Number of protein chains: 2
Amino acid sequence: MAKNHKPALGIDLGGTNMQIGVVSPDFKLLGSAKRKTKAAEGTSAVLDRIVEGALEAIANAKLSIRDIACLGLGAPGAVDPDQGVVLEAVNLRWKNTPAAELLAKKLGVPVFLDNDVNVAVYGENRLGAGKGSRHMLGVWVGTGIGGGLILNGELFYGHFMTAGEIGHMIALPNNPPGHRSLEHNCSRTAVVDQIVRLIKSNRKSRITELCNGDFDDIKSKMVAKAFEDGDEVTREVVLHAAELLGIEIAGVVTLLSLERVVLGGGLTEAIGKPFVDLVDKSVKNFAFPDRCKNVKIVASQLEDNAGVYGAAMIALERLERK
Amino acid sequence: MAKNHKPALGIDLGGTNMQIGVVSPDFKLLGSAKRKTKAAEGTSAVLDRIVEGALEAIANAKLSIRDIACLGLGAPGAVDPDQGVVLEAVNLRWKNTPAAELLAKKLGVPVFLDNDVNVAVYGENRLGAGKGSRHMLGVWVGTGIGGGLILNGELFYGHFMTAGEIGHMIALPNNPPGHRSLEHNCSRTAVVDQIVRLIKSNRKSRITELCNGDFDDIKSKMVAKAFEDGDEVTREVVLHAAELLGIEIAGVVTLLSLERVVLGGGLTEAIGKPFVDLVDKSVKNFAFPDRCKNVKIVASQLEDNAGVYGAAMIALERLERK
């Protein structure tokens, strides 16, 4: 078929919010919109909000739906991209939901579906910090730890379509149940829990002041601020988490002989370069064999927009192949 | 080109021994031979022994070198299969050795090179316990722990051509240096070390009698015998090793969403089904998400011949593609 010159919609659908953008074939963001997800209101209501947000983003781009080539949707959970079905997304309360078909009917454009972390990793690989890498891992450190793999230049799904879940690999087998996985030890949630535990065991920390004593409301930015200020408790916990994260990433680099690892997510973005450097040092200490120590560990470049860009790009590429 | 109907030579080159076989295009072993590797005598002497062994295997098959389509060589170390170069093989004392070209000159047939574990995993995937699996891991538990990956139906090499090294992933980050990797904890060598340590701390074990008190000469078969007889020390150590191996494999299954894992190597073969069952149970306990618990954990079928078959098959397939 002839090369497409129309823009695509890219949608990053989260459990709480959705971000929507219109992306041109030369990767400019022409317009955008945001909506709450409100999964509790049911699938149909969520899809209606996607459509609403999409139309707003199109209007912001001064376009109409007839100008849109296709839509890419990144959904949080296990998806079957070939069938366009969300197999299971706990946050959305979706199971075997044919989201691509349902949205295509509502909007009248072809819809392509993938996992939310996969679309962000894809965006970074095609346009951001992973550009040019044929074999890379993306790790998103935030509330949880998500991951996605590019192998031989393409997203890798595996047999059960769930590949990339580095956050659920066991990092500390000798820990008690519920405290063994990478996510249990190195996510923002885990880092905050460990800081709070130390504070409650009578260690002094800048965090107490930064969160006004509300330990349920500690954000990545507060952790980053305390880290930057040299707060001892925070540095201790973050150093430990970054080292363990690096050990686990080194294992994946050893297993897959990766060229590059892109680090993203709220905690990585908040602390920035010092965090990436700590993880890098640990990866280089533990990767095998020596030639694998040449792997590049880099920060994501597209940050919040990685999902929107990636979803639009996946849709445009799949449309070309159809 | 026309389909090849000639047999291939398959060579499994180890640090100590080499096994050589003539394999027909319909995968029958027509003739075989063995030689010592004797790497200390230098590359040229090793290559001469490969040629000698190859000619003996051809004679045993009642064929001549003119009947041979090509040769596949599995070498222990990092290799570049496209260039036919052994990048680094510590056991052989080879570095950047153009083994494929050197052997092709000596024998007058096309030579294809790969890593020794890769060729065995390939053999199992095409002909043995991994038949029909598009995404699988092979783990060989013996003196060390080797591994190889089939992704999207093909051997996966990664950027530095070293993919599959599961034995060098860190399994226990909190252990002291030298005791952290999977190989350091779950290889036959590690299992024997742990048994001997327990015996030396005054635990009674059948192993003492089975090895006639020579703790430097404990073989996989002795471990298997003591395990079978219910020896408490041996069971304790093997159960622990199998569980940790299962946890690490579960991580790889979680990361790559694998359909199948083939277990081979001296220790696996010696203990057999009970060992595979222990690993299987641990993998099912720790794989994520639930759909990944459907992964099949199976014992290798080609055992000692996996390398010879795999090397010959790789050579035949690459010849077809040329």
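**Exercise 1.** In which sense do β5(B) and β6(B) pair, and over how many bridges?

*Solution.* The structure is a predicted model.
Step 1. β5(B) pairs with β6(B) in the antiparallel sense, over three bridges. A78(B) is placed opposite E88(B) of β6(B).
Step 2. Strand β6 (residues 85–89) of chain B is also joined by three bridges to strand β7 (residues 94–97) of chain B, and these two run antiparallel. Here E88(B) stands opposite K95(B) of β7(B).
Step 3. In the hairpin of β6(B) and β7(B), four residues lie between the strands, and R93(B) takes a positive phi near 60°.

**Exercise 2.** State the strand order of the open sheet of three strands in chain B, and find the strands at its edges.

*Solution.*
Step 1. The order is β5-β6-β7 (chain B), with antiparallel pairing.
Step 2. β5 (78–80) and β7 of chain B each have a single partner strand, so they stand at the edges and one side of each lacks a neighbour in the sheet.
Step 3. On average, neighbouring strands of this sheet are turned by 15° against each other, direction ignored.

**Exercise 3.** Check the length of helix α11 (residues 306–321) of chain B against the expected span, then describe its buried residues and their packing.

*Solution.*
Step 1. The helix has 16 residues; at 1.5 Å a residue, it should span 22 Å. The expected span uses one less than the number of residues.
Step 2. The end C-alpha atoms of α11(B) are 22 Å apart, which agrees.
Step 3. Buried residues of α11(B) include A306(B), Y309(B), M313(B) and L316(B).
Step 4. The buried residues of α11(B) pack against β1 (8–13), β2 (17–23), β4 (70–75), β8 (111–115), α3 (116–127) and β12 (260–264) of chain B.

**Exercise 4.** Do the same for helix α5 (residues 188–200) of chain B, and report the phi of N202(B).

*Solution.*
Step 1. α5(B) has 13 residues and reaches 18 Å from its first C-alpha to its last, close to the 18 Å expected at 1.5 Å a residue.
Step 2. Its buried residues are R188(B), A190(B), V191(B), V192(B) and I195(B).
Step 3. These pack against elements of chain B, among them β9 (136–141), α7 (220–228) and α8.
Step 4. N202(B) follows α5(B) and has a positive phi, near 80°.

**Exercise 5.** How many residues of chain B are in contact with chain A, and which helix of chain B gives the most to that side?

*Solution.*
Step 1. The contact involves 37 residues of chain B and 37 residues of chain A.
Step 2. Helix α8 (residues 232–256) of chain B gives the most to the side of chain B that touches chain A, eight residues.
Step 3. By class, that side of chain B has 24 nonpolar, nine polar and four charged residues.

Notes:
Residues are numbered from 1 along each chain as its sequence is written. Chains are lettered from A and ligands numbered from 1 in the order in which they are written. This is a predicted model: local features need pLDDT of at least 70, side-chain atom pairs count only at pLDDT 80 or more; totals for chains, interfaces and linings use all residues. A residue is buried if 20 or more other C-beta atoms lie within 10 Å of its own, exposed if 12 or fewer, and partly exposed in between; C-beta atoms are placed from the backbone. Two residues are in contact if their C-beta atoms, placed from the backbone, lie within 7 Å. Ala, Val, Leu, Ile, Met, Phe, Trp, Tyr, Cys and Pro count as nonpolar, Asp, Glu, Lys and Arg as charged, and the others, Gly among them, as polar. Two strands pair if DSSP finds at least two bridges between them. Axes are lines fitted to C-alpha atoms, for helices over the stretch in contact, and angles run from 0 to 180 degrees between N-to-C directions.
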